[in-house]
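Me: I have a chain on my screen and would like to talk through its fold and its aromatic rings. Could you go through it with me, step by step?

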Amino acid sequence: MSKPLFVQGNCFKARITRIEPSLEAAFVDFGAERHGFLSLKDIKGYDKASHKEGAEITICINKPEKGQKGAQVTALGDANNAIVHDLISTDDNSAWSVLRL
């Protein structure tokens, strides 16, 4: 039996899909069913020029998905001591596989 992947404390490579200035937040795709919510304050050295839609960022789950809400995540500034999951699609784009970095 495998452990759930999208739980508190797990870290992932993610891609910023949307910046929402009114919320001072970004939404990130890290392979879960719903996109994660990332406060811009949680990005150390946040820069509009480099932290834009399509940019990659490493995140950790603070609160997992619940109901209609996506996970609340924080940016991981230094991934040296963490296992980071990199979710990549398979050739037929019907499933995801996990690489542990």
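Here are some questions on the strands, the surface and the rings of this predicted model, each with a short answer.

Me: How many helices and how many strands does the protein chain have?
Reply: Happy to start there. Along the sequence, the pattern reads β-β-β-β-β-β-β. The count for the protein chain is therefore zero helices and seven strands.

Me: In which sense does strand β4 pair with β1 and with β5?
Reply: Take β1 to begin with: residues 11-20 pair with residues 56-63 of β4 over five bridges, in the antiparallel sense. Within this pairing, Arg-15 stands opposite Glu-56. On to β5, residues 72-75, which pairs with β4 over four bridges. For both partners of β4, the sense is antiparallel.

Me: Which residue in β5 is the bridge partner of Ile-61?
Reply: Ile-61 falls within β4, which spans residues 56-63. β4 pairs with β5, and the bridge partner of Ile-61 there is Val-73.

Me: What share of the exposed area of the protein chain do carbon and sulfur atoms supply?
Reply: Let's look at burial beforehand: of the 101 residues, 31% count as buried. The chain exposes about 6,900 Å². Of that area, carbon and sulfur atoms supply 49%.

Me: Is the ring pair of Phe-12 and Phe-30 stacked, edge-to-face or tilted?
Reply: A search of the whole structure finds four aromatic pairs. In this one, the ring centres are 5.3 Å apart and the planes meet at 45°. Planes under 30 degrees apart would count as stacked and those over 60 as edge-to-face, so the pair of Phe-12 and Phe-30 is tilted.

Me: Where in the chain do Phe-12 and Phe-30 sit, and how many residues apart are they?
Reply: Phe-12 belongs to strand β1, while Phe-30 lies in the loop between β2 and β3. Both Phe-12 and Phe-30 are buried, and ring pairs link them with Phe-6 into a cluster. The pair joins distant parts of the chain, with a separation of 18 residues.

Me: Phe-27 and Phe-37 also form an aromatic pair; which of these two residues is partly exposed?
Reply: Their pair is edge-to-face, with 5.6 Å centre to centre and 70° between the planes, and it links strand β2 to strand β3. Buried means under 20% relative accessible area, so Phe-27, at 17%, counts as buried. At 29%, the partly exposed residue is Phe-37.

Definitions and conventions: Residues numbered from 1 in each chain as written. Predicted model: local features only at pLDDT ≥ 70, side-chain atom pairs only at ≥ 80, totals over all residues. Heavy atoms only, no water. Helix = DSSP H or I, 4+ residues; strand = E, 2+ residues; numbered from the N terminus. Buried < 20%, exposed > 50% of the residue type's maximum accessible area, 1.4 Å probe, protein only. Areas by Shrake-Rupley, 256 points an atom, 1.4 Å probe, with all protein chains shown as cover. Pairing = 2+ DSSP bridges. Phe/Tyr/Trp six-rings, centres within 6.5 Å; stacked < 30°, edge-to-face > 60°.
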